[in-house]
Number of protein chains: 2
Amino acid sequence: MKYGPGWEPRAVDWSSTRGRILLSASVLFAQRGYFGTSTRDIAEAVAIRQPSLFHHFQAKHEIFRALVELDLGPSIDRMNQRLAEESNWAEKLHLAIAWDVHEFLVQPFDARGLYQDAVLGLAEFEAEREAIALFHRQVESVVDGGHRAGEFVSFEPSFVQRAINGVLFETLREQGGPSGRVRRERPLQAADFVVRSLLVDQVRLADVREATRGRLGDLESSTLA
Amino acid sequence: MKYGPGWEPRAVDWSSTRGRILLSASVLFAQRGYFGTSTRDIAEAVAIRQPSLFHHFQAKHEIFRALVELDLGPSIDRMNQRLAEESNWAEKLHLAIAWDVHEFLVQPFDARGLYQDAVLGLAEFEAEREAIALFHRQVESVVDGGHRAGEFVSFEPSFVQRAINGVLFETLREQGGPSGRVRRERPLQAADFVVRSLLVDQVRLADVREATRGRLGDLESSTLA
DNA sequence: GTCTATACCCAGATAGAC
DNA sequence: GTCTATCTGGGTATAGAC
């Protein structure tokens, strides 16, 4: 099964024609939407002729599918790591949110056009809908775990999962895309906003934030090394 | 200026052809998106021929525009009332969120397809983009007011406005449309989630919620009368 | 792997009869 | 106010040469 434990999309050479198609398409999907972007638009952005696209992807929807995999796969994988590692629930949730926002800010493509109900509702995207549902269940299980452990107040988990989704999406939507001005505080702010609302004892937020800051800091230094 | 103080869209007779076009279009826009919905689809849903649509609306985008007005106009108007009336900032924000969610749940059309960047980015929707920006400024001013008054913690107001937007959208997106099963708790839950995150003194949340519950309760009884 | 040429379909909108 | 007929443009995708 796709998007199973340990699964990762294969690496992309962003300078290859295939990689440049994915990059350009992601930007256009984010600006004008999937339906608002024609294969001619994508081809023009890559400076090839429109039929040449079909040498690299069997159909327009395969481009979209590849982008969803690249964005969602690692996110699901990270959440599996959060669920498996030893930490309290507030730390798991805080780090998961902050890391997702962080990853979005540093990845080369623009994921803002990928999660539209009207697009994902198409028959050919059933696998992607299921993957999204899986991610939602992961989030819900963290919220539920935190509640059972007495760390979180008793909001309805399915509602909280929605709210987290909303905060995540809007935080991402704000960005001008990967080329835009990066707001380095956003990962922690988004995580703070959600976790502060959930925590029974809000004094804990400062410690939880420091734990996340440490983990994300390690990440940045290892990437630079 | 459109969407100014006291402005309201004119009432719609939902049984007229024009009203039925708006209703059907809203449902289709929500399911398949603006670009994924053809004028033929809308006409079929209303059981008229496609060219007949153009007797009621000059163009496809005028249908969309009318729906945005119907959804956004009253929302902006309510926020002006919140800003003008005497109450503390937490009550203003809590009531505004709860009322918006409530209104969405009871209005006859489906507003979920209306706030898509790819659609609103079209040249013909400049007025709608400005109205949305106005609404965002209203929300931000409440957040900022609450912070200056010492009611809210010091999150960056522009970020909080985004987060609120996200929670609102996702709460609405969850619903199966006006025909779907209504979740009566959602208005208070959405408002609670946001205000709990912002409040310096979270003990106040219970009182704030009761104030909102009273105001929304009055609303329902007056509608039924 | 990229090209030209083109098939085929469906979109939004208009003309003009009834 | 609704209809039939039709215009015009643009969409995805394929065939086959280079």
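## Briefing: a protein–DNA model

By class, five nonpolar, eight polar and three charged residues make up the surface near DNA strand D. Here, Ala, Val, Leu, Ile, Met, Phe, Trp, Tyr, Cys and Pro are called nonpolar, Asp, Glu, Lys and Arg charged, and the others, with Gly among them, polar; a residue is "near" a strand if one of its heavy atoms lies within 4 Å of it. This is a predicted model, where local features need pLDDT of at least 70, side-chain atom pairs count only at pLDDT 80 or more, and totals for chains, interfaces and linings use all residues, while side-chain values use heavy atoms, with hydrogens and water left out. As for names, residues are numbered from 1 along each chain as its sequence is written, and chains are lettered from A and ligands numbered from 1 in the order in which they are written.

**DNA strand D**

- Of the 16 residues around DNA strand D, the nearest are T39(A), R40(A), Q50(A), R49(B) and H56(B).
- Sugar or phosphate supplies 59% of the strand D atoms within 4 Å of the protein, and bases supply the rest.
- Some polar contacts (pairs of N or O atoms within 3.5 Å) are worth a look: an N or O atom in the side chain of Q50(A) sits 2.9 Å from a base nitrogen of DNA strand D.
- On the phosphates of DNA strand D, one oxygen is 3.0 Å from a polar backbone atom of K60(A), and a phosphate oxygen is 2.9 Å from a polar side-chain atom of S52(B).
- α2 (39–46) of chain A and α3 (53–56) of chain B each give at least two residues to the surface near this strand; helices are DSSP runs of H or I with at least four residues, numbered from the N terminus.

**DNA strand C**

- Around DNA strand C there are 16 residues too, and R49(A), S52(A), H56(A), T39(B) and Q50(B) come nearest.
- Sugar and phosphate account for 60% of the strand C atoms that come within 4 Å of the protein.
- Two histidines of chain A reach the backbone of DNA strand C: a side-chain N or O atom of H56(A) is 2.7 Å from a phosphate oxygen, and a polar side-chain atom of H55(A) is 3.5 Å from a sugar or linking oxygen.
- Q50(B) goes for a base instead, with a polar side-chain atom 2.9 Å from a base nitrogen of DNA strand C.
- The elements giving two or more residues to this surface are α3 (53–56) of chain A and α2 (39–46) of chain B.
- By class, the surface near DNA strand C has five nonpolar, eight polar and three charged residues.

**Helix α5 of chain B and its neighbours**

- Two packed helices are described by the angle between their axes and the distance between the axes. The axes are lines fitted to C-alpha atoms over the stretch in contact, and angles run from 0 to 180 degrees between N-to-C directions.
- α5 (residues 89–106) and α9 (residues 186–198) of chain B have axes that come within 8 Å and cross at roughly 150°. So α5(B) is roughly antiparallel to α9(B), a label for angles over 145 degrees.
- α5(B) passes α9(B) in a right-handed crossing, meaning that the near helix is turned clockwise from the far one by less than a right angle.
- By class, that contact has 13 nonpolar, two polar and two charged residues.
- α7 (residues 126–148) of chain B packs on α5(B) at about 150°, with the axes 8 Å apart.
- α4 (residues 60–84) of chain B packs on α5(B) at about 160°, with the axes 10 Å apart, which makes α4(B) roughly antiparallel to α5(B).
- The crossing of α4(B) and α5(B) is right-handed.
- In this contact (heavy atoms within 4.5 Å), S75(B), R78(B), M79(B), R82(B) and L83(B) of α4(B) meet residues of α5(B) including W89(B), W99(B) and E103(B).
- By class, the α4(B)–α5(B) contact has six nonpolar, one polar and five charged residues.

**A loop residue, V153(A)**

- V153(A) is in the loop between α7 (126–148) and α8 (157–174) of chain A.
- Leaving out residues up to four places away in sequence, V153(A) touches H147(A), S197(A), L198(A), L199(A), V200(A) and R196(B).
- The C-alpha atoms of V153(A) and E174(A) are separated by 29 Å, and the two residues are 21 residues apart along the chain.

Technical notes: Polar contact = N/O pair within 3.5 Å; in protein donor to acceptor, adjacent residues only side chain to side chain. Parallel < 35°, antiparallel > 145°, perpendicular 65-115°, else oblique.
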